[in-house]
Amino acid sequence: MQNFLKDIVSARTRQQVYAAYSLVGLTLGCVQAGLGAIDSGTPDWLKASLAVYAFFGTAIGVTAASNVNPPPEQ
């Protein structure tokens, strides 16, 4: 079966996107944890950012999964 997602984005670009996505997630998580630690509540911009981040994660996950080379079944 032809994997149409594999050739859309080069491996180097995927690596950079995954790294950037991880850094964004780490940053958002740190901000949320810090605000939670001081009981200041979660601002609307952070709620929206986390929602968009989670939704975008679906595309990241599909692209990552489409590039896995599982071993042949025995």
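## Two helices, worked through

α1 and α2 are roughly antiparallel to each other. This is a predicted model, so the exercises below deal with computed values.

**Exercise 1. Work out how the helix pair is arranged: what are the angle and the distance between the axes of α1 and α2?**

Step 1. Start with the inventory: the protein chain has two helices and zero strands.

Step 2. Two packed helices are described by the angle between their axes and the distance between those axes.

Step 3. Here α1 and α2 pack at about 150°, and their axes are 11 Å apart.

Step 4. Angles over 145 degrees count as roughly antiparallel, and that is therefore the label for α1 and α2.

Step 5. For handedness, α1 passes α2 in a left-handed crossing.

Step 6. Now pick out who makes the contact. From α1 the list includes R14, Y18, Y21, G25, L28 and L35; from α2 it includes W45, L50, Y53, F56, I60 and A64.

**Exercise 2. Sort out the ring pairs: how many aromatic pairs does the structure hold, and which residues form the aromatic cluster?**

Step 1. The count is two aromatic pairs.

Step 2. Take Y21 with Y53. Their ring centres are 4.2 Å apart and the planes meet at 10°, so this pair is stacked. The cut-off behind that call is an angle under 30 degrees.

Step 3. Place that pair on the chain: Y21 sits in helix α1 (residues 11-37) and Y53 in helix α2 (residues 44-66), 32 residues apart, so the pair links distant parts of the chain.

Step 4. Next comes Y21 with F56, at 5.9 Å centre to centre and 50° between the planes, a tilted pair. With Y21 in helix α1 and F56 in helix α2, the pair ties together parts that are 35 residues apart in sequence.

Step 5. Put the rings together: Y21, Y53 and F56 form one aromatic cluster.

**Exercise 3. Look around Y21: is Y21 buried or exposed, and which residues does Y21 touch beyond four places away in sequence?**

Step 1. The relative accessibility of Y21 is 16%, so Y21 counts as buried; the limit is under 20%.

Step 2. Leaving out residues up to four places away in sequence, Y21 touches Y53, F56, G57 and I60.

Step 3. Check one of these by backbone: the C-alpha atoms of Y21 and I60 are separated by 8.4 Å, with their positions 39 residues apart along the chain.

Step 4. Its cluster partner F56 has a relative accessible area of 43% and is partly exposed.

**Exercise 4. Follow the chain to the loop and to A64: where does D39 lie, and how far apart are the C-alpha atoms of A64 and R14?**

Step 1. D39 lies in the loop between α1 and α2.

Step 2. Its phi is near 50°, a positive value in a residue other than glycine. D39 counts as exposed, at 71% relative accessibility.

Step 3. A64 is in helix α2 and counts as partly exposed at 32% relative accessibility.

Step 4. The C-alpha atoms of A64 and R14 are separated by 8.3 Å, although these residues are 50 apart along the chain.

**Exercise 5. Zoom out to the chain: what share of the residues counts as buried?**

Step 1. Of the 74 residues, 11% count as buried.

Step 2. The accessible surface is about 5,800 Å², and 66% of that belongs to carbon and sulfur atoms.

Step 3. Among contacts with a separation of 6 or more, 65% are between residues 24 or more positions apart.

Note on methods: Residues are numbered from 1 along each chain as its sequence is written. This is a predicted model: local features need pLDDT of at least 70, side-chain atom pairs count only at pLDDT 80 or more; totals for chains, interfaces and linings use all residues. Side-chain values use heavy atoms; hydrogens and water are left out. Helices (H or I, at least four residues) and strands (E, at least two) are DSSP runs, numbered from the N terminus. Buried means under 20% relative accessible area, exposed over 50%, partly exposed in between (1.4 Å probe, protein chains only). Contact means heavy atoms within 4.5 Å. Accessible areas come from the Shrake-Rupley method with a 1.4 Å probe; for residues, only the protein chains shown count as cover. Rings of Phe, Tyr and Trp (its six-membered ring) pair if their centres lie within 6.5 Å; planes under 30 degrees apart count as stacked, over 60 as edge-to-face and the rest as tilted. Axes are lines fitted to C-alpha atoms, for helices over the stretch in contact, and angles run from 0 to 180 degrees between N-to-C directions. Angles under 35 degrees count as roughly parallel, over 145 as roughly antiparallel, 65 to 115 as roughly perpendicular and the rest as oblique. A crossing is left-handed if the near helix is turned anticlockwise from the far one by less than a right angle, and right-handed if clockwise.
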